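Here is an easy-going tour for anyone meeting this protein for the first time. Have a look at the sequence and the 3D view, then read on.

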Amino acid sequence: MKKKRSVLLDQYIQLLKNGNVVAFPTETVYGLGADAWNPDAVKKVFETKGRPADNPLIVHISNTNEVEDFADTISEDARKLMEAFWPGPLTLIFRKKPEVLDIITAGLDTVALRWPKHPLSQDLIARAGPLVAPSANSSGKPSPTKPKHVKEDFGDDFPVIEAGTTDIGLESTVLDVTEIPYRIYRPGAVSAKEIEKVSGQKTKLATPSSKDTAARSPGTKYSHYSPEAKVQWLPKDASIDPSKELYLLHSRSAHPTGENIIHYKGDYSRMARELYDRFRQADHLGMTSVFVESFSDEQRKESIVQALQNRIDKAVG
Ligand code: TXA
Ligand code: MG
């Protein structure tokens, strides 16, 4: 099995080594990979996505030793996080070594690192990495959770290592460990509470609109994850008319039924896994709006709900 997999990967590894971009699965979303030490390859990532040059990329590695090639200082508390959550959906931001390419960090003095969990990504990075990898979507579109999403954005012939639907469906938690309190720029499957427990450091969710956040994580200022259909929060008692709209519910008891009314029945992980695919489906079906049932404060205590709230807020704009 292992052998078969590596043979399958050979052609993609060659492409990456030759300075090309290749999309590959991670446990969060599909990434658009390129050799992190090749400036021309990294440039292709920005060009392919139409990504603004001031939005830095995450470097994907395949073991903890590689952190030292990129990060200048690694605190004991950060090491505890690496031990506890890697490989997995946590991106850590460190002060960078001078040799890290400026194009990756958009001129910041920090670098974002992540060791993803998906076995194919691990093999690929071990053999062709380290790889920069933003989500493999055109800038501003919903992140890809299926190979067909990548092809929708970049064309049928685009090189994608296909491995079905990704497991989590929302991007990694992005955590800045260069200052205390620690700051989460993007909530994901790993929560502030778990981070505090493991690291012993106070951890807060950054306010996306603040000047400080915009300076330290420039990507937070861009709108993201948006389909053509208008995404809107559905207030608690608002009525439902599914003729030209898609509804994503999770808790309501009384509601009409129909093809365009999806009810997750409290399964927020499934909702997270499907969210971006539903956004894209809404466009294929020519829907004018996607209504998403609002979350309560109680529901927002769960990290995956915080991540959903963040992505839907951004899509609402
Ligand atoms: O789950 C994920 O993280 C996926 C998969 C493919 O690994 N990748 C991903 O990359 O979501 P991207 O580029 O779509 O999002 C990376 C986020 C952006 O918001 C970017 O601004 C932020 O991380 N970021 C990257 N480097 C940073 C840095 N040095 N300081 C602050 N924020 C940074
Ligand atoms: Mg992205």
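## A charged pair on a helix

Let's start with one pair of side chains: arginine 79 and glutamate 76 come together in a salt bridge, at 3.9 Å from N to O. Keep in mind that this is a predicted model. Both residues sit in helix α4, which covers residues 76–85, and they are 3 residues apart, or about one turn of the helix.

How open are the two partners? Arginine 79 counts as partly exposed because its relative accessible area is 31%, a value that falls between the 20% and 50% cut-offs. Glutamate 76 is at 56% relative accessibility, so it counts as exposed.

## More salt bridges

That pair has company, as the structure holds 20 salt bridges. Another one joins the side chains of aspartate 297 and arginine 300, at 2.5 Å from N to O. Here aspartate 297 counts as exposed because its relative accessibility is 58%, while arginine 300, with a relative accessible area of 25%, is partly exposed.

Next, take glutamate 298 and lysine 301, whose side chains also meet in a salt bridge, this time at 3.1 Å from N to O. Are these two residues buried or exposed? Glutamate 298 is exposed, and lysine 301 is too.

Salt bridges can also link up into a group. Asp176, Glu179, Arg183 and Arg216 are tied together in a network of them.

## Two domains

Now zoom out to the whole chain. It is split into domain 1, running over 2–216, and domain 2, running over 230–316. Where they touch, domain 1 puts in 24 residues and domain 2 puts in 16 residues. Measuring from C-alpha centre to C-alpha centre, the two domains lie 27 Å apart.

Together, domain 1 and domain 2 bury about 1,600 Å² between them, and 55% of that is on carbon and sulfur atoms. Which three residues of domain 1 supply the most of the area it buries against domain 2? They are Pro142, Leu170 and Pro187, which supply 36% of that area, more than any other three residues.

## What crosses the interface

There are charged links here too: 3 salt bridges are found across the interface of domain 1 and domain 2. Polar contacts also join the two domains, with a count of 12 residue pairs, both residues being at pLDDT 80 or more. On the side of domain 1 that touches domain 2, helix α7 (residues 147–154) gives the most, with 4 residues. That side of domain 1 is made up of 6 nonpolar, 10 polar and 8 charged residues.

There is one more charged pair to look up in the 3D view. Aspartate 153 and arginine 280 have side chains that meet in a salt bridge, at 3.0 Å from N to O.

## A buried serine

Our last stop is serine 289, which lies in strand β13 (residues 289–293). Why does serine 289 count as buried? Its relative accessible area is 8%, and buried means under 20%.

What does serine 289 touch, leaving aside its neighbours within four places in sequence? Serine 289 is in contact with Ala229, Lys230, Gln232, Lys244, Glu245 and Leu246, once those neighbours are set aside. With glutamine 232 there is something extra to spot: a polar contact of 3.3 Å joins the side chains of serine 289 and glutamine 232.

Terms used. Residues are numbered from 1 along each chain as its sequence is written. Chains are lettered from A and ligands numbered from 1 in the order in which they are written. This is a predicted model: local features need pLDDT of at least 70, side-chain atom pairs count only at pLDDT 80 or more; totals for chains, interfaces and linings use all residues. Side-chain values use heavy atoms; hydrogens and water are left out. A salt bridge is a side-chain nitrogen of Lys or Arg within 4 Å of a carboxyl oxygen of Asp or Glu. Helices (H or I, at least four residues) and strands (E, at least two) are DSSP runs, numbered from the N terminus. Buried means under 20% relative accessible area, exposed over 50%, partly exposed in between (1.4 Å probe, protein chains only). Domain bounds come from an automatic or database domain assignment. Contact means heavy atoms within 4.5 Å. Buried area is the accessible area (1.4 Å probe) that two parts lose on being put together, summed over both. A polar contact is a pair of N or O atoms within 3.5 Å; within protein, one must be able to donate a hydrogen and the other to accept it, and residues adjacent in sequence count only if both atoms are side-chain atoms. Ala, Val, Leu, Ile, Met, Phe, Trp, Tyr, Cys and Pro count as nonpolar, Asp, Glu, Lys and Arg as charged, and the others, Gly among them, as polar.
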